[in-house]
Amino acid sequence: MRLRGVLRFHWARDVDEALSLLRAYEGKGAILAGGVDLARSARTDIEGLIDITGTGLSYVREDPKGLRIGATTTLSELLFHPLSREYAGGVIAETLRLVAYPALRNVATIGGATVSAHPWADIPTMLVALGAEARWRNEEKEEKASVEELYKTQFRGIFREAILLELVLPHWDGVFVFEKIGRNAGDIALLNVCAGLGLREGKIAWARVAVGARPERGERLPWLEEMLLGKEPDENLWKKAEEEVKERIKVGSDRRASGEWRREVAGVLVRRTLARAAGKAVK
Ligand SMILES: Cc1cc2nc3c(=O)[nH]c(=O)nc-3n(C[C@H](O)[C@H](O)[C@H](O)COP(=O)(O)OP(=O)(O)OC[C@H]3O[C@@H](n4cnc5c(N)ncnc54)[C@H](O)[C@@H]3O)c2cc1C
């Protein structure tokens, strides 16, 4: 049985209350959002569950900094929100449609996905590619960092004492696309790629490419992004990108796929995402 030590369930009315409950449990409390991960947690030390879905963190808004997505926004709310469908060529909807299945997306939250950050997951790869910023609060102060930087730290420790408030996705003058390979619909990724391009006067003005489930969590390929800058987007360039990726990407084996397979498929998925992004960007 999972979570067998739980004694109490709290419905926090606001973030302050959730934080003070978290502190009162001295490490034996856990923030609960959609609960799809927490329900499977092997942790036996959790005594109090603190539900934050009523704390006002479910929203999608746009302002000059970008798209602001509250941490308890469910994946379905985000997928069907008009603002996210318009954002960066529709990459949010494209990615979330490939995350598990509707019943799970109806309860799982973007904050839970960001904090859980499974290495095989699609959402971290998308957030890293998009340059998302995370904002969180502990009892003393509010802090922020890019999700990419956050994932280089012991971020799970941070969220034992803090609440992720929102994600801010910057505006991009260009488009992103997402591709995933799993064994069947609804399966987790054997590999995923999120890539974005901006074009100026027929040349690549910026490029962002992140590859996840390698089996490590999604990371950008800065050497590839640099190689693409200033080039004309055409089939030869995508072929070169595929070859470079096959040569240089760091991949590994696990029980789901071999490193050899991942290397090959990473090249193909990068070529496909770049070609598709360029096609969408010129429209
Ligand atoms: C069967 C299954 C299939 C899946 N398939 C995919 C997939 O195809 N692609 C993909 O990308 N992902 C997939 N996932 C991962 C899924 O997206 C995440 O598990 C889910 O989004 C977690 O959200 P939640 O709201 O349920 O989190 P919860 O279970 O409520 O919380 C997860 C963790 O985050 C902490 N937490 C949650 N919210 C906050 C917050 N605001 N501040 C601080 N801490 C917080 C909790 O304490 C807990 O440790 C899958 C998961 C499952 C169970």
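**Figure 1. The ligand occupies the largest pocket**. In this predicted model, the space taken by the ligand is the largest pocket, and the elements that contribute two or more residues to the shell around the ligand are strand S2 (29-32), helix H6 (110-116) and strand S8 (163-169). Of these elements, H6 gives the most to the shell, with four residues.

**Figure 2. The residues that surround the ligand**. The ligand is surrounded by 34 residues, and the closest are Ile31, Gly34, Asp37, Thr109 and Asp122. Sorted by side-chain character, the residues of this shell divide into 23 nonpolar, six polar and five charged.

**Figure 3. Oxygen atoms of the ligand and polar backbone atoms of the protein**. An oxygen atom of the ligand is 2.8 Å from a polar backbone atom of Leu38, and an oxygen atom of the ligand is 2.9 Å from a polar backbone atom of Val36. For Ala113, the distance between a polar backbone atom and an oxygen atom of the ligand is 3.5 Å. Taken alone, the ligand exposes 980 Å², of which the protein buries 91%.

**Figure 4. A salt bridge between Glu139 and Arg23**. Side chains of opposite charge can pair when their charged atoms come close. The structure holds 29 salt bridges, and one of them is formed by Glu139 with Arg23, where the closest N and O atoms are 2.3 Å apart. Because Glu139 lies in the loop between strand S6 (133-137) and strand S7 (142-146), whereas Arg23 lies in helix H1 (residues 15-24), the pair ties together parts that are 116 residues apart in sequence.

**Figure 5. The cis peptide bond between Arg214 and Pro215**. Arg214 and Pro215 are joined by a cis peptide bond, for which omega is about 15 degrees. Pro215 is found in the loop between strand S11 (203-212) and strand S12 (219-220).

**Figure 6. The backbone at Ala88, with a positive phi**. Although Ala88 is not a glycine, its phi is positive, at about 45 degrees. Ala88 has its place in the loop that runs between helix H3 (82-86) and helix H4 (91-96).

Note on methods: Residues numbered from 1 in each chain as written. Predicted model: local features only at pLDDT ≥ 70, side-chain atom pairs only at ≥ 80, totals over all residues. Heavy atoms only, no water. Near = heavy atom within 4 Å. Polar contact = N/O pair within 3.5 Å; in protein donor to acceptor, adjacent residues only side chain to side chain. Areas by Shrake-Rupley, 256 points an atom, 1.4 Å probe, with all protein chains shown as cover. 1 Å grid on protein atoms, 1.4 Å probe; cavity = no way out; pocket = protein on both sides within 12 Å on 5 of 7 lines; lining within 4 Å. Sits in = over half its atoms within 2 Å of the grid points. Nonpolar A, V, L, I, M, F, W, Y, C, P; charged D, E, K, R; others polar. Salt bridge = Lys/Arg side-chain N within 4 Å of Asp/Glu carboxyl O.
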